[in-house]
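Biologist: I would like to learn how labels such as "buried" or "cavity" are earned. Could you show me, one label at a time?

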Amino acid sequence: VKPEILKNVGKALTTLPENFKAHRAVKRIFEERAKMIETGEGIDWAVGEALAFATLLVEGNHVRLSGQDVERGTFSHRHAVLHDQETGRQYCPLDHVMINQNEEMFTVSNSSLSEFAVLGFEMGYSMENPNSLILWEAQFGDFANGAQVMFDQFLSSGEAKWLRQTGLVVLLPHGYDGQGPEHSSARLERFLQMSDDNPYVIPEMDPTLRKQIQESNWQVVNVTTPANYFHVLRRQIHREFRKPLIVMSPKNLLRHKDCKSNLSEFDDVQGHPGFDKQGTRFKRLIKDQSDHSDLEKGIKRLVLCSGKIYYELDEERKKIDAKDIAICRVEQLCPFPYDLIQRELKRY
């Protein structure tokens with residue numbers, strides 16, 4: 001996305017109406033967000049998501065998000081709908097990304113605790129309207145359990161059965177950060193078991209011949225940066241086909257001090273500091289973040305991991321100053337990025 005578009009929508013997303021009395025804490029959050037857009041640094045998860053929605057809206061796509069507590073976000077991070085503390089009036093920044101924006105362009109609504117019904121409805125909506133970004137978010141990933149029949153019968157197998165594609169996005173907050181049963185595991189393994197990747201065959205991975213993603217029944221990602229999340233959401237619409245996307249969304253990365261991206265990782269400008277060798281796009285695998293040479297020397301151990309554990313490993317590595325350990329993040333677990341992992345193994 002062009003840097004000036006990011007700046008403009010960013011401003012719109014962080015500006016509240018003059019006479020609007022937001023809650024003090026929320027007001028402070030919006031001031032911090034404005035600073036992120038202004039400086040172009042330290043963009044967090046919620047802002048990365050809002051930028052993905054806003055840029056798709058500007059391009060003329062309908063964006064629709066439903067689920068339990070999606071307006072505020074279960075972990076008080078999203079704040080898609082704000083409430084005036086005196087009058088109760090509601091304000092949704094994403095309805096004001098463009099001048100005279102049609103309010104139907106962006107829809108966000110808290111749904112009832114009936115996962116089966118709501119997920120089924122959104123799936124139908126996404127089939128009927130493939131040029132829209134349709135997202136369903138479980139309050140906690142475990143709640144997807146209530147919609148298991150939908151995953152089994154329709155989402156994972158629908159394309160094989162009825163040759164109908166859907167680009168539905170399912171956000172499943174995941175992570176053992178306390179709070180006990182039904183608030184910890186989105187059961188990542190279940191979604192991987194339901195993928196139809198052939199475990200014994202490495203598909204053709206040459207970029208010009210690669211059909212791996214078209215031939216798989218869905219995608220499962222566990223992304224670790226706001227920029228990668230932004231790109232994976234936009235990829236859903238900017239392809240010429242549709243695939244369901246299962247996102248293991250984080251809980252403790254929403255406010256993690258290191259889980260931040262610079263605005264330069266969202267734009268289309270080559271050659272600036274935020275533009276690494278992998279470019280600004282969705283990265284199925286993120287290389288180790290140290291200085292790169294084409295053939296690494298002095299590395300004794302290469303760790304492949306996924307999700308928030310990366311930040312814990314990285315912190316420990318800094319603490320013990322282990323220069324001989326490299327850590328790669330596998331951001332897309334299904335379909336599996338054989339080509340990128342092969343490339344990394346060769347480099348070490």
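Biologist: What makes Ser76 count as partly exposed?

Modeller: This is a predicted model, and in it Ser76 has a relative accessibility of 27%. Buried would need a value under 20%, and exposed a value over 50%. Because 27% falls in between, Ser76 is called partly exposed.

Biologist: Where is Ser76 found, and what is special about its phi?

Modeller: Ser76 sits in the loop between strand 1 (63–67) and strand 2 (82–83). Its phi is positive, about 50°, although Ser76 is not a glycine. Most residues other than glycine have a negative phi. Asp321 is also a residue other than glycine with a positive phi, near 50°. You will find Asp321 in the loop between helix 10 (309–320) and strand 11 (325–330).

Biologist: Which peptide bond is cis, and what is its omega?

Modeller: The bond joining Cys334 and Pro335 is cis, with omega at about -10°. Most peptide bonds are trans. Pro335 belongs to the loop between strand 12 and helix 11 (338–347).

Biologist: Now the cysteines, please. How many disulfides does a search of the whole structure find?

Modeller: The search finds zero disulfides. Take Cys259: the nearest cysteine sulfur is that of Cys305, 13 Å away. A disulfide requires two cysteine sulfur atoms within 2.5 Å, so Cys259 is in no disulfide.

Biologist: Why is the sulfur of Cys328 not counted as bonded to the closest cysteine sulfur?

Modeller: That closest sulfur is in Cys305, at 8.4 Å. The cut-off is 2.5 Å, so 8.4 Å is too far for a bond.

Biologist: Are Cys259 and Cys328 buried or exposed?

Modeller: Cys259 has a relative accessible area of 0%, and Cys328 also has 0% relative accessibility. Buried means under 20%, so Cys259 is buried, and so is Cys328.

Biologist: On to the strands. What is the order of the seven strands in the open sheet?

Modeller: The order is 4-1-5-6-8-7-12, and the pairing is mixed. Strands of a sheet pair through backbone hydrogen bonds, either parallel or antiparallel.

Biologist: What makes strand 4 and strand 12 edge strands?

Modeller: Strand 4 (106–110) and strand 12 (332–334) each pair on one side only, so they are called edge strands. Neighbouring strands of this sheet are turned by 20° against each other on average, direction ignored.

Biologist: How do you know that strand 6 and strand 8 pair?

Modeller: Three bridges join strand 6 (residues 169–171) to strand 8 (residues 245–247). At least two bridges are needed, so three are enough to call them paired. These two strands run parallel, and the bridge partner of Val170 in strand 8 is Ile246. Helix 9 (residues 226–238) packs on this sheet, and its direction makes about 130° with that of strand 5 (133–137).

Biologist: What about the open sheet in the order 9-11-10?

Modeller: That sheet is formed by three strands, with mixed pairing. Its edge strands are strand 9 (285–286) and strand 10 (301–305). Strand 9 and strand 11 share two bridges in the antiparallel sense; the requirement is at least two, so they count as a pair. Leu285 stands opposite Val330 in strand 11. Helix 10 lies across strand 10 and strand 11, at about 170° to strand 11.

Biologist: Last, the empty spaces. What makes a space a cavity, and how many cavities of 30 Å³ or more are found?

Modeller: A cavity is a space where a 1.4 Å probe fits but cannot get out. Four cavities of 30 Å³ or more are found in the whole structure. The largest cavity holds about 150 Å³ of space. It is lined by 16 residues, among them Leu13, Arg33 and Ala50. Helix 3 (45–58) gives the most to this lining, with five residues.

Biologist: And how much space lies in the second largest pocket?

Modeller: About 540 Å³. A pocket is an open set of points, whereas a probe cannot get out of a cavity. The second largest pocket has 26 lining residues, including Arg235, Arg239 and Phe282. Helix 9 supplies the largest share of this lining, five residues.

Terms used
Residues are numbered from 1 along each chain as its sequence is written. This is a predicted model: local features need pLDDT of at least 70, side-chain atom pairs count only at pLDDT 80 or more; totals for chains, interfaces and linings use all residues. Side-chain values use heavy atoms; hydrogens and water are left out. Helices (H or I, at least four residues) and strands (E, at least two) are DSSP runs, numbered from the N terminus. Axes are lines fitted to C-alpha atoms, for helices over the stretch in contact, and angles run from 0 to 180 degrees between N-to-C directions. Contact means heavy atoms within 4.5 Å. Buried means under 20% relative accessible area, exposed over 50%, partly exposed in between (1.4 Å probe, protein chains only). On a 1 Å grid over the protein atoms alone, a cavity is a set of points where a 1.4 Å probe fits but cannot get out, and a pocket is an open set with protein on both sides within 12 Å along at least five of seven lines; lining residues have an atom within 4 Å of a point. Grid points are joined across faces, edges and corners, and a volume is the space filled by probe spheres set on the points.
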